[in-house]
Amino acid sequence: MNQTALLFCLLSGLYLALPLLAGLDTMKDANNLSAAVSLPAHAVEDPHSYANPGDVRVRHLDLECEVLFDQKTLKGTAVLSIERVSQDKHAPLILDTRNLNIATVETSPDGARYTAATFTVGSVDKFLGAPLTIPLPETVTRVRIKYSTNPTASGVQWLEPSQTAGKKDPFVFTQSQAIHARSWIPLQDTPQVRVTYTARVHTPRHLLAVMSAENDPRTPRDGDYRFRMQQPIPSYLIALAVGDLSFRPLGRRTGVYAEPSVADFFLNETATTEKMVRATEKLYGPYRWGRYDLLVLPPSFPFGGMENPRLTFATPTVLAGDKSLVALVAHELAHSWSGNLVTNATWSDFWLNEGFTVYLERRILETVYGREREEMEAVLGLRALDEDLATLDDPDEILHVDLKGRDPDAGFTQVPYEKGALFLRHLEETFGRTRFDRFLRSYFDHFAFQSITTADFVDYLKKNLLDRDSKLAARVPVDEWINKPGIPSNAPKPTSPAFSRVEGEAQRWLRNEIPASKISAAKWTTHEWLHFLNSLPKDLDRKKMEELDQAFHLTGSGNSEIAFQWLLMSIRNRYEPAYPRLEEFLTSIGRRKFIKPLYEELAKTPEGKERALAIYRRARPTYHPIAVTSIDEVLKWNNP
Ligand code: BES
Ligand code: ZN
C-alpha cells in the first residue's frame, strides 16, 4: 500500500469510528433525521460511471429546476458541494451526463463567489452517456452547472393529458435507476457515491411536485416547491414527479399520492402499509427515513415499483382490489433497509439490493399475512427463477454478475431477486431464525448509509455468522451461491399445500375428470390463480382455452397479473378471442415486466410479429424510454 492509500485508510477509519465515539447521541440523531453522517469509503471500480470518486467526491447537491411541459424540458441549476479525497490536488471533477445540454459551469471556493470554468464533454457511449470534465483549482468546494435536459432524456417521461387518469393535465416523472439520473442531473452517477440534497422546483401553479425527500402533505399548491433529503443517498434514488396529485393519509407517517380521480381506489389496497412498516422495524431496526408515502403513477410507469426514499413510486396495475398485490408495497418498503440504507456499490452487486429485499419482503408478508401466504410467494418466485435459468447463459446466472460493457438494465433477471433471496433463506434455515435475524439486523446497523460490495458482505458474513459455527457453515456453499451459475443442490425448496390442491384441480380438469365449471376455484387468491395457470401445459387446445375462459372470464380479468399470464397463453395457443384484450393491454399499460414477454411471445411467429409491430407502432409513443429501449430490441425496431 502506498502512503496516500495508507493515509486515506487511516482517515476513513477515523471517520468510521466517529459515530461510535460519539455514542448514543449520534444514533439518536440518525433516527431523528437530523444530520446523518456520510462516511467516506474507498472508491471501487464502476464500469457504469465515468466519475472519479476516489479523487473528488460530491457530498451534497442543491438543485433548482423549472419544469417546462411545453418544451418537455427540465431547466436546471445544480450546485455540487465537493470534497477532495485523494492527495492528487490537480484531479479534475468528472461527472456523468447523458443527452444533457450544458450551458455554463462555474466554480467557487465558498459558494458565494463563482467564476466561469472551462469544461469538456467527452464522446458519447451508447450505454454510459458522456463524461463532463471540469478542471478544479485546489481551493474549489462548489461547482455550479446550468443545464437543460432533452425531451428524449432516458430517465424522464413526459405524459400528455390523455395518458393520465384525469385527462386534463400533463404529468412528468423521473426514473433514475440504474444509470438514468445522469440524463436529468449532471452528477457522479455511481451508487457508491451518496449525497444529501435540497431542491426547489418550479411548476405550473395548479400542479404538485413531489420528490424522494421531505414532502409536506399539506404544502399549498403554488408552483414553487422545496425539498430536503438529509440522509446521504445514491444518485439512483433521486426522483421527481409533477402532476395533478392529491394526498390521502393512511396512518401516522404513511399516505398515498395519486391523481384525484383514482386516489380513493388505492386506499383499501394499501391499508396495511403502516402495519408493514411496524413489522419491518421489529425485525430489522428503526425506519430511518421519517415518512413512508406511496405515489401511484399513470400506467406507463415501466416498473412495478421503485423504492425512492420516503416516496415509493408504484404502478397503478397493482390495483387488483383484493389486496393480493401488497407484495409490491412490502418489497419497496423493505428497500428502506436493503438498498436505501445499505446500498449496492456497483450494479454487479445489485443482488445485495434485490435478493435481500425479496427475502425481507417475504418476511414482512409472513408477519402480516401468515406463513401460507409467504410460501405461495416463494413458490411462485422459484418458478420464475427456474424459467429464467432455463434460458440464461451461465455468466448471467451468477449473483455477482459481470456487467462490464453492457447496459446494467441487462442484469434485470430473476437471478439477483430470487436466487439472492433463496441464498438468504438457506442461511436462515441453516442457522435458525433467531441467529439469522440478529445477524441481519446488525448488518443493517453496521453498514447503515453506506454502499458496499459483494466482498464487503461476504467478509461481514464470515466474521459474524459463518466463522462462529463452522459446522453449520459447512452446509452453505457460499462461494457456489455467489460465484457459480445455477442453484446449489441443497438449496431450500419452498412448498405450499394450497398450491398442491390447485395442482390437483388442474390435473383433474386436464384429464377431463371434471369440467372447468367444476374446478373449485371460488376462494382462490391471485396467487392460486397464477399457480393454476403456471401448472397447465404450454400447449392447450382451443376447446380447453375456451372452456376456461367461459368458466372464469380470464380474458376480461381486471387483475393485471392474471390477465398477463392468460394473454401470454393466448398468444402461444393462438386463442383469437383474447386478441382485442391483448391489444388493449399493450396500448394501455407500460410496465416492462408485462409488455416485454408479450412482445417476445408474439415475435416468435411471422403473423405474431406483424401484429406486434402494428400494435407497437401505436403504443411506442406512450411507453417510457426504458421500456422503448427493451421493446425496440425485441422487435428489431428501427423505424423513425
Ligand atoms: N428497484 C427495483 C426496480 C428497478 C430495478 C428499476 C433495476 C430499475 C433498475 C424495484 O424495487 C423492483 O424490484 N420492482 C419490482 C417489483 C417487485 C415486487 C419485485 C418490479 O418493478 O417489478
Ligand atoms: Zn426491488
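## A walk through the predicted model

Visitor: Let's start with strand 12 and strand 14: over how many bridges do they pair?
Guide: Happy to start there, and bear in mind that this is a predicted model. Strand 14 covers residues 240–243, and strand 12 pairs with it in the antiparallel sense. One position to look at is Ala209, which stands opposite Val242 in strand 14. The number of bridges between strand 12 and strand 14 is four.

Visitor: Which strands stand at the edges of the sheet that holds strand 12?
Guide: That sheet is open, with four strands in the order 9-10-14-12 and antiparallel pairing. From one strand to the next, the twist averages 10 degrees. An edge strand here has a single partner strand, so one side of it is left without a neighbour in the sheet. The strands in that position are strand 9 (156–159) and strand 12 (208–211).

Visitor: Now to the sheet with the order 3-7-6: which strands are at its edges?
Guide: This one is an open sheet of three strands, again with antiparallel pairing. Each edge strand has a single partner strand, so one of its sides lacks a neighbour in the sheet. The edge strands are strand 3 (93–97) and strand 6 (120–121).

Visitor: Which residue of strand 7 is the bridge partner of Val121?
Guide: Strand 7 spans residues 130–134, and strand 6 pairs with it over two bridges in the antiparallel sense. Val121 has its bridge partner in strand 7, and that partner is Leu132.

Visitor: Is helix 7 roughly parallel or antiparallel to helix 8?
Guide: Helix 7 takes in residues 350–369 and helix 8 residues 371–391; their axes come within 7 Å and cross at roughly 150 degrees. Angles over 145 degrees count as roughly antiparallel. That crossing therefore makes helix 7, relative to helix 8, roughly antiparallel.

Visitor: How many charged residues are in the contact of helix 7 with helix 8?
Guide: Helix 7 brings Glu361, Arg362, Leu365, Glu366 and Tyr369, which meet residues of helix 8 including Arg371, Arg373, Glu374 and Glu377. By class, the contact has three nonpolar residues and one polar residue, and the number of charged ones is seven.

Visitor: How many nonpolar residues does the contact of helix 19 with helix 21 have?
Guide: Helix 19 (residues 592–602) and helix 21 (residues 625–635) pack at about 10 degrees with their axes 10 Å apart, and they are therefore roughly parallel to each other. Among the residues that meet are Ile595 and Tyr599 in helix 19, and Ile626, Ile631 and Val634 in helix 21. By class, one residue in the contact is polar and three are charged, while the nonpolar number is seven.

Visitor: Which residue has a polar side-chain atom 2.8 Å from an oxygen atom of ligand 1?
Guide: Of the 16 residues around ligand 1, those that come nearest are Gln177, Gly304, Glu307, Glu332 and Tyr417. Nitrogen atoms of the ligand have polar contacts too: a polar backbone atom of Gly305 at 3.2 Å, and a polar side-chain atom of Glu354 at 3.0 Å. The partner at 2.8 Å from a ligand oxygen is Glu332.

Visitor: Which residue is joined to Gln177 by a cis peptide bond?
Guide: Most peptide bonds are trans, but the omega of this one is about 0 degrees. The residue joined to Gln177 sits in the loop between strand 10 (171–174) and strand 11 (194–202). Its name is Ala178.

Visitor: What is the phi of Asn99?
Guide: Most residues other than glycine have a negative phi. Asn99 lies in the loop between strand 3 and strand 4 (101–108). Although Asn99 is not a glycine, its phi is positive, at about 60 degrees.

How values were computed:
Residues numbered from 1 in each chain as written. Chains lettered and ligands numbered in written order. Predicted model: local features only at pLDDT ≥ 70, side-chain atom pairs only at ≥ 80, totals over all residues. Heavy atoms only, no water. Pairing = 2+ DSSP bridges. Axes fitted to C-alpha atoms, helices over the stretch in contact; angles between N-to-C directions. Parallel < 35°, antiparallel > 145°, perpendicular 65-115°, else oblique. Contact = heavy atoms within 4.5 Å. Nonpolar A, V, L, I, M, F, W, Y, C, P; charged D, E, K, R; others polar. Near = heavy atom within 4 Å. Polar contact = N/O pair within 3.5 Å; in protein donor to acceptor, adjacent residues only side chain to side chain.
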